[in-house]
Amino acid sequence: MSMFDTFGKATDTSGRKENTLRKLHRLNTALRHEEPDRVPISDFFWGGFTRRWRRELGLPAETNPYYHYDLDLIVTVPNMDPWIRSFETLSETPEEVVVKTGYGTIMHKHFEFPMPEMRAWELDTFDKLEHAEFDDPRDRRRFYEAGDNQIAGVGDGFERNSPAWIDTVKSLRPDFPVYGSIGEVSECLTRLIGQQNAMLWMGEEPERMGAVINRIGAHYLECAKAEIDAGKGLIDGFVIWGDVAYKKGMFFSPRYWREYFKPWVAQITAYAHDHDLPVIYHGCGNCKSIFQDYIDMKVDGYNPLEVKAGMDCVELRRQYGHGISFCGNSDVQVWESGDRAAIRREVLRKLNAAKGGGYIFMSDHSVSSGVSGETYDYIVKLVRG
């Protein structure tokens, strides 16, 4: 199991359990900034953590944290690859594999390590990027067919032929509130041309790069619309993936982000809201310089609020009140320490942000293999009181 290969256990997908409807009510109540019966809790789990958790708690091989703890939310990913195609295997041994994906990215995955390495890109010049044409946003293979895709297949795990997104949603929704998701332009560029090229070309050719951003933004807006249309009546909310910051600040100026990136986030958010879907934006790093913009766009929740980047949901609540919900911000580095007293202080302090609603308890990124099974078990019990 890796972060995005969770497939549900439901055999009868025609309805939803009463407990699932209670979880959905709990989640939506929190996102409306009202206090639910208890603080919603969920997370993203590395495959290495899940294997360790099973081993340390003596759980069966197929045990899943979402089911074991009856968590309140699960996020699914469709095929977001610009070009829908099978991985091209360039080399493979029992220890590692190198593939070329539908982003045109050459990915090196060493099975001993949690994250892959992006080694090279098909679009390795500005001219190639400007002239690239992506596959149809509404291509049925994105949502209705199994196949290789980079986000689900090459991450903290390695998987070929990921299940069809719509089948994943249907298999999970009897037991969980299920969110769909899409990457926005910044997330795409990191995978499509690499972070270094993206930042360099923005600096060298800001207007030309802005035109590319707008073209990619239009593509992913249509992908988001197609996914929301495909999931009508089946999904409960929507996540936008869009890392635009690092530990000390943004990758590019707030002015540039507002001119070229923000309009596409706003339009995806508006389309989701038109279909009664709350929106959570996932952005790593320190985004304080544009945090008000997410409130202005009426984004419902922000995730993951990385502590190591200086984000603090208790301070943000004091600054912004209940203008936006917080999803995350519990320091996974403290979790990794295994120090029960420190973990208790960390968890209980962050729960202060839940007063008046507007908080979903999660780590400040994802649950890594450095977190012990006993620690996560302890954290869930703390949150649930």
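Two strands are taken to pair if DSSP finds at least two bridges between them. In this predicted model, strand β4 (residues 105-110) and β5 meet that condition, with four bridges in the antiparallel sense. Within this pair, T105 faces W121 of β5.

The β4-β5 pair belongs to an open sheet of four strands. The strand order is β2-β3-β4-β5, and the pairing is antiparallel. The edges are held by β2 (88-92) and β5 (117-121). Each of these has a single partner strand, so one side of each is left without a neighbour in the sheet. On average, neighbouring strands of this sheet are turned by 20° against each other, direction ignored.

At the other end of the strand order, β2 is joined to strand β3 (residues 96-100) by four bridges. These two strands run antiparallel. S91 stands opposite V98 in β3. β2 and β3 form a hairpin, and three residues lie between them.

A helix also packs on this sheet. Helix α7 (residues 185-192) lies across β4 and β5. Its direction is at about 80° to β5.

Both α7 and β5 also contribute to the largest pocket. The volume of this pocket is about 910 Å³. Its lining comprises 40 residues. Nearest the centre lie M115, E187, R191, D243 and H365. The elements that give two or more residues to the lining are β5, α5 (150-153) and α7. The most comes from α7, which gives four residues.

A second open sheet has seven strands. Here the order is β1-β6-β7-β8-β9-β10-β11, and the pairing is parallel. β1 (74-75) and β11 (359-360) are the edge strands, and each pairs on one side only. Helix α10 (residues 254-274) lies across three strands of this sheet, β6 (178-183), β7 (237-241) and β8 (279-283). It runs at about 170° to β7.

Further along the strand order, β9 and β10 run parallel and are joined by two bridges. Y302 has F326 in β10 as its bridge partner.

Unusual backbone geometry occurs around these two strands. Most residues other than glycine have a negative phi, and most peptide bonds are trans. The bond between N303 and P304 is cis, with omega about 5°. P304 is part of strand β9 (residues 301-304). The next departure is at L305, a residue other than glycine with a positive phi, near 60°. L305 sits in the loop between β9 and α12 (313-320). Its relative accessibility is 0%, so L305 counts as buried.

N329 shows a related feature. Its phi is positive, near 80°, in a residue other than glycine. N329 lies in the loop between β10 (325-327) and α13. N329 counts as buried because its relative accessibility is 0%, where the cut-off for burial is under 20%.

N303, at the cis bond, also lines the largest cavity. The other residues of that lining are F44, L73, V75, V239, I280, C327 and M362. The space in this cavity is about 60 Å³. Across the whole structure, the search finds one cavity of 30 Å³ or more.

Helix α15 (residues 373-384) has 12 residues. From its first C-alpha to its last it reaches 17 Å, close to the 16 Å expected at 1.5 Å a residue. The helix is mostly covered, with nine of its 12 residues buried. These are G373, T375, Y376, D377, Y378, I379, V380, L382 and V383. Their cover includes α2 (47-57), α13 (332-337) and α14 (340-350). After α15 comes G385, with a positive phi near 70°.

Notes:
Residues are numbered from 1 along each chain as its sequence is written. This is a predicted model: local features need pLDDT of at least 70, side-chain atom pairs count only at pLDDT 80 or more; totals for chains, interfaces and linings use all residues. Side-chain values use heavy atoms; hydrogens and water are left out. The expected span of a helix is 1.5 Å times one less than its number of residues. Buried means under 20% relative accessible area, exposed over 50%, partly exposed in between (1.4 Å probe, protein chains only). Contact means heavy atoms within 4.5 Å. Axes are lines fitted to C-alpha atoms, for helices over the stretch in contact, and angles run from 0 to 180 degrees between N-to-C directions. On a 1 Å grid over the protein atoms alone, a cavity is a set of points where a 1.4 Å probe fits but cannot get out, and a pocket is an open set with protein on both sides within 12 Å along at least five of seven lines; lining residues have an atom within 4 Å of a point. Grid points are joined across faces, edges and corners, and a volume is the space filled by probe spheres set on the points.
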